[in-house]
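Reader: I am new to reading protein models, and I would like to learn how to go from the whole chain down to a single residue. Could we work through one together?

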Amino acid sequence: MADLGMLADFADILSGAAVVGGAAFAVIQLREYRTQRRENAAAELVRSFYNPEFARSVRLIRTLPDECTAAELRAKGPEYEEAAILVSFAYATIGLLVFRGVTPFSIVEELTGGLAVLMWRKLERWENDVRAESAQPSWAEWFQWLVERLEARAREKKQKPAYEAFPGWRPTS
């Protein structure tokens, strides 16, 4: 009888260990999935910057004066407003992905932080004009949110460009 009781206790211990082991495995798999999701999001972000339409849009927006109004932008032709919309949507999407934790802020900051701030400096007045015209205060809200975070972080870190911050970097392999 004692042997049967001991076997039952051993079975209980084994089943408990199996549950704990299964839970540990699930946690590890979940972490791995999250890491993979972030890496995929970062890769998608990089790919989006190799889009010729995005590059064309950035080229057009860079030629605008800082704080360009809607009237000034529209006077340049419809391709300028199309470029502004594309850039705004791209950065609004990135901002939302950062906020949701899908894309790490540090990747966005290093990959496109300066460009995002420049694009906002050119388009902020236009964005506000569009918000007023359409009575839609949420227009490009995540673009603005992202740039505000990038500017705050740059002030905190007194950030230098990569070519100044890491002049002596060499590959390890």
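**From the whole chain to one residue**

Author: Let us begin with burial: in this predicted model, buried residues make up 28% of the 173 residues in the protein.

Reader: Which secondary structure elements does the protein have, and how many helices and strands are there?

Author: The protein has 7 helices and 0 strands, and its elements, read from the N terminus, run α-α-α-α-α-α-α.

Reader: What is the radius of gyration of the protein, and what would a compact globule of 173 residues have?

Author: The radius of gyration serves as a comparison with a simple rule: a compact globule of 173 residues would come near 16 Å, but the protein has 25 Å. Along the principal axes, its C-alpha atoms fill a box of roughly 95 × 50 × 30 Å.

Reader: How do I read contacts by their separation in sequence, and what percentage is between residues 24 or more positions apart?

Author: Of the contacts in the protein with a separation of 6 or more, 76% are between residues 24 or more positions apart.

Reader: Now for one residue: is Ser 88 buried or exposed?

Author: A residue is called buried when its relative accessible area is under 20%, and Ser 88 counts as buried because its relative accessibility is 1%. Ser 88 lies in helix H4, which covers residues 78–99, and its side chain reaches the backbone oxygen of Ala 84 at 2.8 Å.

Reader: Leaving aside neighbours within four places in sequence, which residues is Ser 88 in contact with?

Author: With those neighbours left aside, Ser 88 is in contact with Leu 123, Trp 126, Glu 127, Ala 140 and Phe 143.

Conventions
Residues are numbered from 1 along each chain as its sequence is written. This is a predicted model: local features need pLDDT of at least 70, side-chain atom pairs count only at pLDDT 80 or more; totals for chains, interfaces and linings use all residues. Side-chain values use heavy atoms; hydrogens and water are left out. Helices (H or I, at least four residues) and strands (E, at least two) are DSSP runs, numbered from the N terminus. Buried means under 20% relative accessible area, exposed over 50%, partly exposed in between (1.4 Å probe, protein chains only). A polar contact is a pair of N or O atoms within 3.5 Å; within protein, one must be able to donate a hydrogen and the other to accept it, and residues adjacent in sequence count only if both atoms are side-chain atoms. Contact means heavy atoms within 4.5 Å. The radius of gyration is taken over C-alpha atoms; the globule rule is 2.2 Å times the number of residues to the power 0.38.
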